Structures are given as C-alpha cells and as structure tokens.
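Please look at the structure below with its sequence beside it, and follow one residue first and then a pair of helices.

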Amino acid sequence: FSMMWQSAKAAGLIVPIVVELHNVTEGPAVSKLSSNMVARKRVAFWQNETRNKIIAAAAMSHYNAGRQVLVLVETIEHLIFLHKLLPEFAVCFGDDVTKPKLQRLINKFGLNIPKMTRTQRMQLKGQFENRQIMGAIATTVWATGVSFDGLQVLIRADGGASQTNNHQWPGRVARIDPNTNKQCGILVDFVDKFDRWAYVRSLLRLRTYKKNGWSQIYVDRTGEQVQSQQND
C-alpha cells in the first residue's frame with residue numbers, strides 16, 4: 001500500500017511540511033578535486049566551515065525559539081564538526097569514535113563524546129521523544145525507524161542526493177502531535193551554489209520536495225524570508 005504526501009495530508013494523517021532553504025554561496029570548488037566521493041563529501045560538506053556555520057546558525061535560530069531540532073548528518077566526522085559549533089546539542093550515533101582520526105578531532109575540539117552504546121542510544125531516544133532534549137545531532141541511526149511525534153524542525157546537513165532519503169528523512173517532522181499542536185513540520189536544507197557538483201545534488205533534493213507538494217521558503221542569514229514558492 002502506498003499513498004502520496006498530498007493525499008496523506010488531505011486525510012489528516014500528517015502535518016504539511018514547509019521547506020526552509022538557505023543559500024550557501026561560498027565554499028571549495030570540489031568539482032576540481034578527485035572524483036573520489038568520500039574526498040568530495042569531506043571537503044564540500046563534513047569539513048566545510050562556511051556551510052557548517054550556516055547550518056549551526058539555522059539550528060540555533062529554531063532552538064532559541066523553543067522548537068525541537070534534529071540535525072541529520074551522514075557521518076560521525078560531520079557530527080563532530082557540527083557539535084563543535086553546537087555544544088548545546090546532544091549527539092547520537094552508531095559509529096565507532098575510538099578510531100584514531102576521530103579521536104584526534106574530538107581531542108582537538110575539546111569535546112566530550114564517549115563511545116556510544118546501545119543502552120545510551122535507547123536512553124537518548126527516550127529523552128528526545130519526551131522532549132527532555134530539544135536539540136540533537138544524529139547520524140543515520142535516527143534517519144529511519146524512529147517516531148519523534150513532537151519534532152518540529154529537521155535539518156538536513158548531509159547534502160545527499162538519494163531519492164529514497166529525499167522522501168523518507170523529512171517524514172520525521174510530519175508526525176501529528178496533540179501535545180504540541182504542531183501545525184506544520186519545518187525541513188531545513190541548503191542550496192549549495194558554491195560548486196557545480198554540490199549544486200546539482202541540491203537541485204535533486206528540491207525537485208523531490210516540489211514533487212511532494214511542500215512549500216519552499218528561502219531565508220537570509222538573519223532568518224528573514226526573502227522568497228517563497230507554494231507547491232500546493
């Protein structure tokens with residue numbers, strides 16, 4: 001059985017999703033680098049300081065407004081770089097942080113990120129579900145298989161191009177929640193104009209969002225709306 005997003009919204013099964021878009025105009029020209037995908041992602045996304053600061057600013061804007069925020073990343077490496085900018089946020093992951101390279105980063109940034117156990121992940125999950133934690137950064141361990149009904153803001157920091165993820169990941173904010181009376185879910189994403197390869201990946205995500213009928217709003221660095229596109 002399958003149902004389109006618009007039909008599910010019309011039936012009152014989910015709340016509408018609004019896509020908040022931030023332009024990233026400065027960054028490395030990764031298209032000129034090696035075609036190695038990991039190397040490109042590391043430079044374009046995981047360690048891109050300009051982009052990470054924009055992500056952190058968007059996260060703190062919603063967090064300070066009292067909304068629950070989840071930042072999704074692809075790797076523990078990206079999580080570490082974002083946690084440096086968002087020390088208020090809890091972290092959840094399934095990866096091994098004992099690898100020497102990751103430990104060097106953790107020590108360099110002065111972060112307290114211990115090895116994550118299954119028990120710790122379950123505890124964090126429960127605290128996030130109960131809104132005891134209002135801000136978190138997580139790898140794909142929280143991308144699927146969880147139901148955070150009260151989640152108000154999902155930030156896609158991954159820069160991904162997977163059509164499956166483009167449909168599934170935003171579903172985290174579409175849950176109905178009587179406790180918060182959530183009227184819509186906010187999906188924050190980034191238009192990576194600093195490089196052709198990264199920009200094409202952005203357009204693939206935006207195409208899926210448009211196909212699903214989600215309204216798209218462009219905001220500036222202060223969070224003020226500068227352009228909107230209604231897809232309903």
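Leaving aside its neighbours within four places in sequence, Asp 158 is in contact with Phe 45, Leu 72, Glu 74 and Trp 169, in what is a predicted model. To find Asp 158 along the chain, look in the loop that runs between strand β5, residues 153-156, and helix α7, residues 163-168. Is this residue buried or exposed? Its relative accessibility is 4%, and because buried means under 20%, Asp 158 counts as buried.

The side chain of Asp 158 also has polar partners that are close to it in sequence. One of them is Arg 156, whose side chain is joined to that of Asp 158 by a polar contact of 2.9 Å. Another is Gly 160, which takes part through its backbone, since its nitrogen lies 2.8 Å from a polar atom of the Asp 158 side chain.

Turn now to the two helices, α3, which covers residues 49-64, and α4, which covers residues 76-85; their axes come within 9 Å and cross at roughly 60°. An angle of 65 to 115 degrees would count as roughly perpendicular, and α3 and α4 are therefore described as oblique to each other. The crossing in which α3 passes α4 is right-handed. On the side of α3, the contact is made by Arg 51, Asn 52, Lys 53, Ile 55 and Ala 56, while α4 contributes His 78, Phe 81, Leu 82 and Leu 85. Sorted by class, the residues in this contact of α3 with α4 are 5 nonpolar, 2 polar and 2 charged.

Note on methods
Residues are numbered from 1 along each chain as its sequence is written. This is a predicted model: local features need pLDDT of at least 70, side-chain atom pairs count only at pLDDT 80 or more; totals for chains, interfaces and linings use all residues. Side-chain values use heavy atoms; hydrogens and water are left out. Helices (H or I, at least four residues) and strands (E, at least two) are DSSP runs, numbered from the N terminus. Buried means under 20% relative accessible area, exposed over 50%, partly exposed in between (1.4 Å probe, protein chains only). A polar contact is a pair of N or O atoms within 3.5 Å; within protein, one must be able to donate a hydrogen and the other to accept it, and residues adjacent in sequence count only if both atoms are side-chain atoms. Contact means heavy atoms within 4.5 Å. Axes are lines fitted to C-alpha atoms, for helices over the stretch in contact, and angles run from 0 to 180 degrees between N-to-C directions. Angles under 35 degrees count as roughly parallel, over 145 as roughly antiparallel, 65 to 115 as roughly perpendicular and the rest as oblique. A crossing is left-handed if the near helix is turned anticlockwise from the far one by less than a right angle, and right-handed if clockwise. Ala, Val, Leu, Ile, Met, Phe, Trp, Tyr, Cys and Pro count as nonpolar, Asp, Glu, Lys and Arg as charged, and the others, Gly among them, as polar.
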